[in-house]
Amino acid sequence: MNRRDFLAASALPLVSGVAPGLLSPARAQPAPFDRSIVRQIARELASKPYKAPSEKLPDNLANIDYDHYRAIRFLPERALWRGEKLPFEAQFFHRGFFYKNRVDIFEVKNGQASKIAYQPELFSFGDTPPPGPAVDLGFAGFRLHAPINKPDYYDEVCVFLGASYFRAVAKGQLYGLSARGLSINTGEAKGEEFPFFKTFWIEKPASGANSIVVHALLDSESAAAAYRFTIRPGDTTVFDVEMAIYPRVDLDHAGLSPMTSMFFFGPNDRKDVEDFRPSVHDSDGLAIFNGRGEELWRPLHNPRDLQVSSFSDLNPRGFGLMQRQKDFAAYQDLESNFERRPSLWAEPIGNWGEGAVKLLEIPTKEEIHDNIASFWLPKAALAAKGEHTYTYRLHWGPDAPKSTSLARFSRTGIGARGDNATIFVLDVTGERLKSVDPKILRGVVTAEKAKIQNIVTQPNPATGGWRFSFELLKEKTPVEIRASLMQDNEPVSEVWVYRWTP
C-alpha cells in the first residue's frame, strides 16, 4: 500500500445509486448529550485497563484488497441531512482493508445523541458481496461536505479516517498533508504508538450556520482523550480544537497538534533525482512564530539519514507545515497539482508553557510516503491520572495568518560551487522590501563550526523581491545555518534556518 493509494482510499469517488431515501439514525434509546459528556467518558476510560479496538469483520471484508475496498462507495443520496437544505452533509466510510477499527458515530440534535445505524444499503459494493442486513459493523470514519466552492454544490471539506488522522481543504484546494489528534513516542527508539478515534458525535447544524461541531473520543494504550472540533470552511478552513488528555501512564513524549506531510525533492534537494518535475512535495517548509517574537522558516529536506530537529520555546504563538510555492511551473505535475495543496498552521490559544516544536525528516525514495512530521512537545511529562487541557486553532489554507510585516523566504536553491563549496540561493519577497534602503540592506549568515563566504544581496526583478546568496565551504558533518536580511540592526525578513547535511 502506498501513499497515493492511501489518499485515494480516503477520498473515494462517489457514484449515484438507486436506493432512495435518506440515512436515518437509529432512534432507539437516544441519550442526553452536552459538551462535558465526552470528557467524562474519556476520564472513566483512562481509569480502566486499555482494551484494543475491535477489528472483527466478515472474511470477505477482513481480507479485502485495495481495489475491492476502493469499489465500496457510500451512496451520496443517502448522506446525513441530504434534502434538508442545511449548510453541511455527512457521508461515511465502510470498514475494511487498512480501516478495520470499528468507529461508532452519533448524531446530536436538541441535546440528544442518537447512534447512526450501519446499513449495507448505504453503500454500493462493486464485486464484493455485502454483509447481511442484521450485521452491525459500525463505520471506519466520515467526511463532511459543504458548498465551499459553489453555492449549489456540496464539496468535501474534511475527512476523519484512520487512527486519529484527519484532513481538510479550503476553497479551491486539494487534499495534501494530514493532522492527528495526538502522537505518542513519535521518532522514539521504543516505537511509536498510534492513538485512534473510536467514537464521534456530530452536532446537527442550524440552517444558515457557518460552522459545525464534532466531538471525538480518542483511546490508546497510554492515554484516552476528548476533543471538540468547531469547523468553519472557507477561503481558509478553520478548526477550533479543545482537547483534554487523560494519561494512563506518564507521557514524556506526547506530541500536541501533530501533523504529517510529504517532501520528496525540491530546488534545495535534488541529489540523485532523475525526474521531469522540478519539485515534488505537499509542504516545502516548517514555519514557527515563537514566544520571543521571532519568525523562523525551515525549508524541508529529504535526508540520507533520519533528521530530528528541535526548536525550544516558551509559549509558542504558532507553527505549521506550509506549502508556500504555489506556481504550477514549480511542479509541472498535471495529476497531483501540488500547487493546490493546503498549508496547515497551528495557533495555540493560551499559554502552552515550555517545550519545543519538533521536526522529523525521514529518508524516502518515493513520493508515496509521508516522511515529514511536526508537533509541539511539552517539556514536562503529562502525568498519569491527571487531566491536561489544551486549546488551539488549525488554519488549513493558502498561508498562515500573517503575524508581522517581515519579508518571507519564498525559495531555497542549493547546489555545488566547484569542488570545495556549496552555494545557497535564497529568494525573499514581501511588501517590507519595497521600503528598504538598498545601500544599507545586508545579508547576515551564521553557521555552527563552518566557514561562510561570498555573501551577496541583490534585487530580483522577476519576483519584485531580493535574492540573497552565500557559499558554505565543504564540511563532513551536519551544519546548522541561520540567515536573515537586516537594515542596519533592524530585521527586514524572517529568520531562515537550515541543517545542511553532507
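**From a strand residue to the nonpolar cores**

Asparagine 454 is found in strand E30, which covers residues 452–460. The model is a predicted one, and this residue is a convenient place to begin reading it. Asparagine 454 has a positive phi of about 55 degrees, although it is not a glycine. Most residues other than glycine have a negative phi. With 46% relative accessibility, asparagine 454 counts as partly exposed, because that class lies between the limits of under 20% for buried and over 50% for exposed.

Aspartate 272 may be considered beside it. Here too phi is positive, at about 60 degrees, and the residue is not a glycine. Aspartate 272 is placed in the loop between strand E17 (263–265) and strand E18 (280–281). Its relative accessible area is 70%, so aspartate 272 is exposed.

The path now turns to the interior. In soluble globular proteins, nonpolar side chains tend to be buried together. The largest nonpolar core of this model has 87 residues. Those with the most contacts inside this core are Phe160, Tyr227, Phe229, Phe239, Ile245 and Leu394. What does phenylalanine 229 contact, once its neighbours within four places in sequence are left aside? The list consists of Phe160, Phe166, Phe197, Ile212, Val213, Val214, Ala216, Phe239, Asp240 and Val241. Apart from this core lies another, of 28 residues, which includes Ala287, Ala400, Leu441 and Leu472.

Isoleucine 245, also named among the residues with the most contacts in the largest core, is found in strand E15 (residues 237–247). Is isoleucine 245 buried or exposed? Its relative accessibility is 0%, so it counts as buried. Beyond its neighbours within four places in sequence, isoleucine 245 is in contact with Leu182, Ala223, Ala224, Ala225, Leu251, Leu256, Leu382, Gly386, Glu387, His388 and Tyr390. One of these partners shows how the fold brings distant parts of the sequence together: isoleucine 245 and histidine 388 are 143 residues apart in sequence, and their C-alpha atoms are 5.1 Å apart in space.

A buried position need not belong to a strand. Serine 164 lies in the loop between strand E8 (153–161) and strand E9 (165–168), and at 0% relative accessibility it counts as buried. Not counting residues up to four places away in sequence, serine 164 touches Ala179, Arg180, Gly181, Leu182, Pro195, Phe196, Phe197 and Leu218.

Helix H2 (residues 37–46) may be examined next. Its buried residues are Val38, Ala42 and Ala46. Seen down the axis of H2, these residues fall within an arc of 65 degrees, so they line one face of the helix. The buried residues of H2 pack against strand E12 (196–203), strand E13 (212–219), strand E14 (223–232) and E15.

Finally, the interior also contains enclosed spaces. A search of the whole structure finds three cavities of 30 Å³ or more, and the largest has a volume of about 100 Å³. Which residues lie nearest the centre of the largest cavity? They are Ala287, Glu295, Arg324, Trp345 and Arg408, out of 14 that line it. By class, this lining has eight nonpolar, one polar and five charged residues. Strand E19 (285–289) and strand E20 (295–299) each supply at least two residues of the lining, and the largest share, three residues, comes from E19. Ala287 thus appears twice in this account, once in the core of 28 residues and once in the lining of the largest cavity.

Conventions. Residues are numbered from 1 along each chain as its sequence is written. This is a predicted model: local features need pLDDT of at least 70, side-chain atom pairs count only at pLDDT 80 or more; totals for chains, interfaces and linings use all residues. Side-chain values use heavy atoms; hydrogens and water are left out. A nonpolar core is a set of buried Ala, Val, Leu, Ile, Met, Phe, Trp, Tyr and Cys residues joined through side-chain atoms within 4.5 Å. Buried means under 20% relative accessible area, exposed over 50%, partly exposed in between (1.4 Å probe, protein chains only). Contact means heavy atoms within 4.5 Å. On a 1 Å grid over the protein atoms alone, a cavity is a set of points where a 1.4 Å probe fits but cannot get out, and a pocket is an open set with protein on both sides within 12 Å along at least five of seven lines; lining residues have an atom within 4 Å of a point. Grid points are joined across faces, edges and corners, and a volume is the space filled by probe spheres set on the points. Helices (H or I, at least four residues) and strands (E, at least two) are DSSP runs, numbered from the N terminus. Ala, Val, Leu, Ile, Met, Phe, Trp, Tyr, Cys and Pro count as nonpolar, Asp, Glu, Lys and Arg as charged, and the others, Gly among them, as polar. The arc is that of the directions from the helix axis to the C-beta atoms.
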